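Colleague: I am new to this structure and should be grateful for a close look at a single part of it. Please take one strand and describe its surroundings in a connected account.

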Amino acid sequence: MKMMMKMADGNMRRLLLLCVFCAFSVSFCNGACAEVDSDTEAVAGHSFKLGCISCKMRGEVDATATVDWLFRARGEADFVHIYSYDGEASSIIDERFQDRVEWHGSKNTLDLQDASVDLHNVTFNDSGVYRCIFNRILIYEHWEHPTITSKEVHLTVVAKATRGTASIVSEEDRSRRRGSAQSQRSGVSSDRVREQRQLRRCAGSRIAQVFPGRSSS
């Protein structure tokens, strides 16, 4: 009987150690970044978050990144460039989205991993495919390695919120009101921004493969 109790106690200890190890491993490997798919149904007249997250494969490596959003309207064949963000400032390129796209991703860093944006005053013409492109440069001790990651969101705009989207719409509207009073500047140093932009120009040829016709400036 005592032997059985000792074996049970030993098994319990090993199980506890295994649980602690697993919890530590998940925390260490995933860090603070988790890739979550975007919602895909928006309601006309409301705000909607276009989600796009790209976690670095090696979190200990320093990196800088810039983000471009492209849009292909329903029934159209080609993507058009609508928005860009470089860690400090954003630019709305397509006039259809003027004053309607707002950065909702990583803040106070040039190492962008969350490239989500808020789309305000959604219309039925906003239905289509949205593509976000991370132009990331991994910075090692003696060299830099440029990479490109692309993700897509297939968005459908409906006239009325379903039960599943009602709570999402409410949260996005609240987020819009909170964000309207906040600055979009990250506060990073001007020297660091110039360095990041120089690295971006060096990777311009890689961007051209994904987004033909775009200049590297």
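**Strand β8 and its surroundings**

Modeller: Strand β3, residues 62-73, is joined to β8 by 12 bridges, and the two run antiparallel. The model is a predicted one, and β8 is the part chosen for this account. Within the pairing with β3, Leu-138 of β8 stands opposite Ala-63.

Strand β8 comprises residues 128-139, and 12 of its 12 residues are buried. Besides β3, β8 also pairs with strand β9, residues 144-158, in the antiparallel sense, again over 12 bridges. One position in this second pairing is Phe-134, whose bridge partner in β9 is Thr-149. The connection between β8 and β9 is a hairpin, with four residues between the two strands.

The account now turns to the nonpolar core. The largest nonpolar core holds 26 residues, of which Leu-50, Trp-69, Tyr-83, Trp-103, Tyr-130 and Leu-155 touch the most other members. Strand β8 is among the elements that give two or more residues to this core, as are its partners β3 and β9, together with β2 (48-50), β4 (80-85), β6 (101-103) and β7 (117-119). The greatest contribution comes from β3, which gives five residues. As a general tendency, nonpolar side chains in soluble globular proteins are buried together.

Tyr-83 may serve as an example of the contacts made by one core member. Leaving aside neighbours within four places in sequence, Tyr-83 is in contact with Val-67, Asp-68 and Trp-69, among others. Its further contacts include Ser-90, Ser-91, Ile-92 and Ile-93, as well as Val-101, Glu-102, Trp-103 and Val-117.

Definitions and conventions
Residues numbered from 1 in each chain as written. Predicted model: local features only at pLDDT ≥ 70, side-chain atom pairs only at ≥ 80, totals over all residues. Heavy atoms only, no water. Buried < 20%, exposed > 50% of the residue type's maximum accessible area, 1.4 Å probe, protein only. Pairing = 2+ DSSP bridges. Core = buried A, V, L, I, M, F, W, Y, C linked by side-chain atoms within 4.5 Å. Contact = heavy atoms within 4.5 Å.
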